[in-house]
Amino acid sequence: MKTSEVPRMSCPKCGKEVDRASSPFGDYEVAPGCVSVCIYCGAVNLFDADLRLRKPTAMEMAGLKTQAEAWRQTCRIRNFISMQN
Ligand SMILES: [Zn+2]
């Protein structure tokens, strides 16, 4: 797992502040277009070109769901977060 510092920002859904991102399934650096799951509310967001979180469009969300293994990992993270809250 790798944790990266990102610009301080708020989750587009719950508004909680975040300033770090972790890749639980590998040592990945955060990059534009990466998927983020909010540790507070489980919302799926995307990193933009400035590494700021934004809500994915409906088309982007549909595209994410077609990437079976990546979406399965996203759902595992969301389920884990929902059990903690
Ligand atoms: Zn959130």
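L51 is partly exposed, because 17 other C-beta atoms lie within 10 Å, and buried would take 20 or more. You'll find L51 in the loop between β4 (44–47) and β5 (53–54). Its phi is near 60°, a positive value in a residue other than glycine. Keep in mind that you're looking at a predicted model. From this one loop residue, let's work outwards to the rest of the protein.

**The overall picture**

- The protein has 2 helices and 5 strands, and from the N terminus on they run β-β-β-β-β-α-α.
- A compact globule of 85 residues would have a radius of gyration near 12 Å, and the protein has 12 Å, so the two agree.
- If you follow the C-alpha trace along its principal axes, it spans about 30 × 30 × 25 Å.
- How much of the protein is buried? Buried residues come to 12% of the 85 residues.
- Take the contacts with a separation of 6 or more: 44% of them join residues 24 or more positions apart.

**The three-stranded sheet**

- β3, β4 and β5 make an open sheet of 3 strands in the order β3-β4-β5, with antiparallel pairing.
- Which strands sit at the edges? They are β3 (35–37) and β5, each of which pairs on one side only.
- β3 and β4 run antiparallel and are joined by 3 bridges, and in this pairing S36 stands opposite N45 in β4.
- These two strands form a hairpin with 6 residues between them, where G42 takes a positive phi near 80°.
- β4 and β5 also pair in the antiparallel sense, over 2 bridges.
- Here F47 stands opposite L53 in β5, while L46 stands opposite R54.
- The hairpin of β4 and β5 has 5 residues between its strands, and this is the turn that holds our starting residue, L51.

**The nonpolar core**

- What makes up the largest nonpolar core? It has 6 residues in all: C11, V37, C38, V44, F47 and L53.
- In soluble globular proteins, nonpolar side chains tend to be buried together.
- L53 is a handy residue to click on: setting aside residues up to four places away in sequence, L53 touches M9, C11, P12, S36, N45 and F47.
- Two of those contacts, C11 and F47, should look familiar, as they are listed in the core along with L53.

**Helix α2 and T74**

- Helix α2 (residues 68–84) lies across β3 and β4, running at about 20° to β3.
- T74 has its place in this helix.
- Is T74 buried, exposed or in between? T74 is partly exposed, because it has 18 other C-beta atoms within 10 Å, and 20 or more would make a residue buried.
- Leaving aside neighbours within four places in sequence, T74 is in contact with V35, V37 and V44.
- T74 and V44 are 30 residues apart in sequence, yet 8.2 Å apart in space, C-alpha to C-alpha.

**The β1–β2 hairpin**

- Strand β1 (residues 2–10) pairs with strand β2 (residues 17–23) in the antiparallel sense over 6 bridges.
- To trace the pairing yourself, look for S4, which stands opposite A21 in β2, and for S10, whose bridge partner in β2 is E17.
- The hairpin has 6 residues between β1 and β2, and G15 in the turn has a positive phi of about 80°.
- How many of the 9 residues in β1 are buried? The count is 0, and β1 is hardly covered.
- In a regular strand the side chains alternate between the two faces of the sheet.

**F25, after β2**

- F25 lies in the loop between β2 and β3.
- Why does F25 count as exposed? It has 12 C-beta neighbours inside 10 Å, and a residue is exposed if it has 12 or fewer.
- F25 and C14 are 11 residues apart in sequence and 24 Å apart in space, C-alpha to C-alpha.

Conventions. Residues numbered from 1 in each chain as written. Predicted model: local features only at pLDDT ≥ 70, side-chain atom pairs only at ≥ 80, totals over all residues. Helix = DSSP H or I, 4+ residues; strand = E, 2+ residues; numbered from the N terminus. Rg over C-alpha atoms; globule rule 2.2 N^0.38 Å. Contact = placed C-beta atoms within 7 Å. Core = buried A, V, L, I, M, F, W, Y, C linked by C-beta atoms within 7 Å. Pairing = 2+ DSSP bridges. Axes fitted to C-alpha atoms, helices over the stretch in contact; angles between N-to-C directions.
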